[in-house]
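Reader: Hey, I've got a protein open on my screen and could use a hand reading it. Can we go through it together?
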Amino acid sequence: MQGTRWPSICNLLTDRRFSPVLLAMIFAGSGRWIAAVTIPLWVLARTGSAFSMSMALVIEMLPAALVGPFLGLLLDRFDRKPLLLWAMVGRAVCTVGMVAARSILGLYVLVFAEATLAVLA
């Protein structure tokens with residue numbers, strides 16, 4: 001059984017159509033986890049409050065836990081490509097908004113929105 005599995009994996013990894021998809025998944029996943037670590041640290045650096053940092057971390061993880069299971073049912077009804085595109089654009093807008101946010105409440109709202117859009121993507 002193992003002899004038949006490796007050629008198919010090697011063929012998949014060398015397929016010119018699959019390689020860009022694999023690279024995109026690796027970079028997107030890495031970016032998401034880098035953001036998951038750096039956003040709370042950035043909040044700590046900006047506010048100086050460990051409580052604010054922990055709130056940002058909790059708010060960042062809430063959409064995956066609360067919305068994620070139900071969002072899959074809804075997403076299956078739409079075309080995936082435009083949805084991914086608009087989710088990435090929305091995440092970029094939220095990230096720029098975090099830099100410009102004047103209050104901690106506005107920052108929390110943008111962190112929640114960015115994390116929700118990350119669940120979409």
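Reader: Which helices each supply at least two residues of the lining of the largest pocket?
Author: Those are helix H2 (18-47) and helix H5 (80-100). Keep in mind that this is a predicted model.

Reader: Ok, and which of them gives the most to that lining?
Author: H5 does, with four residues.

Reader: Which residues line the largest pocket, then?
Author: Here's the list: Ala28, Gly29, Arg32, Leu84, Leu85, Met88, Arg91, Ala118 and Ala121. Sorted by class, that lining has six nonpolar, one polar and two charged residues.

Reader: How much space lies in there?
Author: About 200 Å³ in the largest pocket.

Reader: Let's zoom out. How many helices and strands does the protein have?
Author: Six helices and zero strands. Going along the sequence, the pattern reads α-α-α-α-α-α.

Reader: So is the whole thing spread out or compact?
Author: The protein is more spread out than a compact globule, because its radius of gyration is 18 Å, well over the 14 Å that the globule rule gives for 121 residues. Along the principal axes, the C-alpha trace spans about 55 × 30 × 25 Å.

Reader: Back to H2. At what angle do the axes of H2 and H6 cross?
Author: Roughly 180°, and the axes of H2 and helix H6 (residues 104-120) come within 12 Å. That's why H2 counts as roughly antiparallel to H6.

Reader: Which residues meet there?
Author: From H2 you have Arg32, Ile39, Trp42, Val43, Arg46 and Thr47, and they meet Ile104, Leu107, Val111, Glu114, Ala115 and Ala118 of H6. In that contact of H2 with H6, eight residues are nonpolar, one is polar and three are charged. You've seen two of the names already: Arg32 and Ala118 also line the largest pocket.

Reader: Oh nice. What about H3 and H4, at what angle do they pack?
Author: Helix H3 (residues 50-66) and helix H4 (residues 68-75) pack at about 55°, and their axes are 4 Å apart. H3 and H4 are therefore oblique to each other.

Reader: And which residues make that contact?
Author: H3 brings Pro63, Ala64, Ala65 and Leu66, while H4 brings Gly68, Pro69 and Phe70.

Reader: How many of the residues in the contact of H3 with H4 are charged?
Author: None; that contact has six nonpolar residues and one polar.

Methods: Residues are numbered from 1 along each chain as its sequence is written. This is a predicted model: local features need pLDDT of at least 70, side-chain atom pairs count only at pLDDT 80 or more; totals for chains, interfaces and linings use all residues. Side-chain values use heavy atoms; hydrogens and water are left out. Axes are lines fitted to C-alpha atoms, for helices over the stretch in contact, and angles run from 0 to 180 degrees between N-to-C directions. Angles under 35 degrees count as roughly parallel, over 145 as roughly antiparallel, 65 to 115 as roughly perpendicular and the rest as oblique. Contact means heavy atoms within 4.5 Å. Ala, Val, Leu, Ile, Met, Phe, Trp, Tyr, Cys and Pro count as nonpolar, Asp, Glu, Lys and Arg as charged, and the others, Gly among them, as polar. On a 1 Å grid over the protein atoms alone, a cavity is a set of points where a 1.4 Å probe fits but cannot get out, and a pocket is an open set with protein on both sides within 12 Å along at least five of seven lines; lining residues have an atom within 4 Å of a point. Grid points are joined across faces, edges and corners, and a volume is the space filled by probe spheres set on the points. The radius of gyration is taken over C-alpha atoms; the globule rule is 2.2 Å times the number of residues to the power 0.38.
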